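Colleague: Please take a close look at the largest pocket of this model and at the helix that borders it, and set out carefully what was computed for them.

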Amino acid sequence: MKKKLIGILAVAILAGAAGAFVGYQWLQKYEQTPLSVQDAVYFTLPAGTGQAALGKLLVDKGVIGDVKPLPWLLRLKPELGGFKAGTYQLTPDMDVKEMLLLFRSGKEAQFSIRFIEGTRVQDWIPLLEQAPYVKHSLQGLSEAQIAEKLAIDSPVHPEGWLYPDTYNYTAGTTDLALLKRAHDKMKKTVDEVWAGREENLPYKTPYEMVIMASIIEKETAVDAERDKVASVFINRMRIGMKLQTDPTVIYGMGSQYNGNITRKDLTTPTPYNTYTIDGLPPTPIAMPGLASLKAAAHPAKTNYLYFVADGKGGHTFTTNLQSHNQAVRQYLQTLRAGK
């Protein structure tokens, strides 16, 4: 009888061991199961999500097809638990284990937004509104109100005070936080460029240098020309000559600008019309990049007072009105020849 009992016990132990082995294989196979997604998707894990809620979310979003083994897997391998809230990118080549380790790591998906040199605040706001997973807090605010939130003063105007660049962010980042990063980067950049500027430039403040840089930014996209463009405007300021730059006129026209500038536009006074005012306009007219800031701080040493497009993507620079008029005629001929 005793031998029979021992035999039964041995069988039970073996059966239990076999069952445990089968269970372990089942869970091992489950953790290696590929996700059900066909393309890369973003999955948001809310704060405080428990195992049961996570499983339901994964099934509801079509990430996995079977959630029953999940609690057993997490009990067997607690190192796969401890999830961190966030928005994660899941890809078809990931399996269940890799997904759980990603949730544990807290390495959220990175999104990016690109602000281009020469654009304005009015261009940035729609980009922020369309950016994925950005939390919006600036809707309905005026540019002056946005400037106040960014602690921009004297004057309360954000134009020119946001650094154009690509900014990475995670889901839930606010539009204000992104602009704050751009503002902080511009302040730091302006301080550095101002500290290393050429001597005897006709700027009283770093802000005036930013205004000049914004004009340079709008006048040319050719890096090799920027310091020459700067020299034209610096030379004009030194002799008291009006800047007479079309981009400032366009900025002053606001929504009235339809793509063309008429003679009337050039003679109609606005605070930004550098054909009618002396010196610089009151604020920048765009967001200048680093190259334009450096050009404003280090203009080429020239006698140029004029420049005009050459019809080939660059400009012709001249020192007197007669040569300038000849360059204008050459430009018009180039345009007509290209038609």
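Modeller: What follows goes from the pocket to one helix in its wall, and then to the enclosed space elsewhere.

The model is predicted, so local features need pLDDT of at least 70 and side-chain atom pairs 80 or more, while totals for chains, interfaces and linings use all residues. Numbering runs from 1 along each chain as its sequence is written, and side-chain values use heavy atoms, without hydrogens or water.

The largest pocket (an open set of points on a 1 Å grid over the protein atoms alone, where a 1.4 Å probe fits, with protein on both sides within 12 Å along at least five of seven lines) has a volume of about 630 Å³, counted as the space filled by probe spheres on points joined across faces, edges and corners. Its lining (residues with an atom within 4 Å of a point) holds 24 residues, and those closest to the pocket's centre are Gln 244, Thr 245, Asp 246, Tyr 275 and Phe 307. Two or more lining residues come from each of α8, α9, α10, α11, β5 (306-309) and α13 (321-338), with helices (H or I, at least four residues) and strands (E, at least two) taken as DSSP runs from the N terminus. Strand β5 gives the largest share, four residues. By class the lining divides into 13 nonpolar, six polar and five charged residues, where Asp, Glu, Lys and Arg count as charged, Ala, Val, Leu, Ile, Met, Phe, Trp, Tyr, Cys and Pro as nonpolar, and the others as polar.

Among the contributing helices, α10 (residues 246-253) is itself mostly covered, with six of its eight residues buried (under 20% relative accessible area, 1.4 Å probe, protein chains only). Those six are Pro 247, Thr 248, Val 249, Ile 250, Tyr 251 and Met 253, and the elements covering them (heavy atoms within 4.5 Å) include α8 and α11 (263-267). Helices α8 and α11 therefore appear both in the lining of the pocket and in the cover over the buried residues of α10. Just after α10, Gly 254 takes a positive phi of about 60 degrees.

For enclosed space, where the probe fits but cannot get out, a search of the whole structure finds one cavity of 30 Å³ or more. The largest cavity holds about 50 Å³ and is lined by Ile 125, Leu 128, Glu 129, His 136, Leu 138, Gln 139 and Asp 175. Helix α5 (residues 121-130) supplies the largest share of that lining, three residues, and the lining as a whole has three nonpolar, two polar and two charged residues.

Notes:
Buried means under 20% relative accessible area, exposed over 50%, partly exposed in between (1.4 Å probe, protein chains only).
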